[in-house]
Amino acid sequence: MDDPQQQAKRPVSALAGSYGHPLHPIFVTVPIGAWVASLVFDVASHVAGDPGFLAEGSLWLIGLGVAGALAAAATGFLDLLAVPPGTRVFRTALVHMSLNLAVTAAYAAAFGWRLDDTGGPVAPGRIALSAAALAALTASGFLGGKLAYRYGVRVADERTQAEGFTRAGTAPRHTADQGENA
């Protein structure tokens, strides 16, 4: 069996993406983009002549973000299964996951709270909830970056990464497990 660090680099299932190509970072772009755009729409609803279309657009962006967050959570959970329990990286991953689940729950609640009221500017309390949820998402994103860039979870090992730094026209270095890492 691989050492714990190498174990956290390998996918536990094809549903998590292949070695060196995890799906979780791709899926997180959907809720992040949708929720940031929803806050922009919320604020813009206070300066537009007809704020209803922005309030309704924000509602559907929040719903899209929640759906995207569920896909991101599923692939993130698969990545978590590869991390050895009891380690610093595992604790960081649990905090990252917990924050993301809280943010998703906040946005799901926000969706329900807004469902029947998209006629005028978005109420300040609803904007405050979105802003607070985005702040928590930012903290969670920081931890996600730490998991990938500091601890190397689901990131190819340095020997595999070195293949990308060979000069064009030269043969890449062959490693014992190159077929698995390609």
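Student: Leaving aside neighbours within four places in sequence, which residues is arginine 126 in contact with?

Tutor: Happy to help! In this predicted model, contact means that heavy atoms lie within 4.5 Å. By that reading, arginine 126 touches Trp113, Arg114 and Asp117 once its neighbours within four places are set aside. One further detail concerns tryptophan 113: its backbone oxygen is reached by the side chain of arginine 126 at 3.2 Å.

Student: Where does arginine 126 lie?

Tutor: Look for helix α6, which covers residues 124-150; arginine 126 lies there.

Student: Is arginine 126 buried or exposed?

Tutor: A residue counts as buried when its relative accessible area is under 20%. Arginine 126 has 11%, so arginine 126 is buried.

Student: And isoleucine 32, how should I read its 39%?

Tutor: Values between 20% and 50% are called partly exposed, so isoleucine 32, with a relative accessible area of 39%, is partly exposed. You will find isoleucine 32 in helix α3, residues 29-44.

Student: Which residues make the nonpolar surface patch?

Tutor: Ile32, Val36 and Val40 make that patch, and its area is about 240 Å².

Student: Now the whole protein: how many helices and strands does it have?

Tutor: There are eight helices and two strands. Following the sequence, you meet them in the pattern α-β-β-α-α-α-α-α-α-α.

Student: What share of the residues is buried?

Tutor: Of the 182 residues in the protein, 38% are buried. As for the surface, the protein exposes about 10,100 Å², with 67% of it supplied by carbon and sulfur atoms.

Methods:
Residues numbered from 1 in each chain as written. Predicted model: local features only at pLDDT ≥ 70, side-chain atom pairs only at ≥ 80, totals over all residues. Heavy atoms only, no water. Helix = DSSP H or I, 4+ residues; strand = E, 2+ residues; numbered from the N terminus. Buried < 20%, exposed > 50% of the residue type's maximum accessible area, 1.4 Å probe, protein only. Polar contact = N/O pair within 3.5 Å; in protein donor to acceptor, adjacent residues only side chain to side chain. Patch = residues over 30% accessible without salt bridge, like charges linked within 9 Å, V, L, I, M, F, W, Y side chains within 5 Å. Areas by Shrake-Rupley, 256 points an atom, 1.4 Å probe, with all protein chains shown as cover. Salt bridge = Lys/Arg side-chain N within 4 Å of Asp/Glu carboxyl O.
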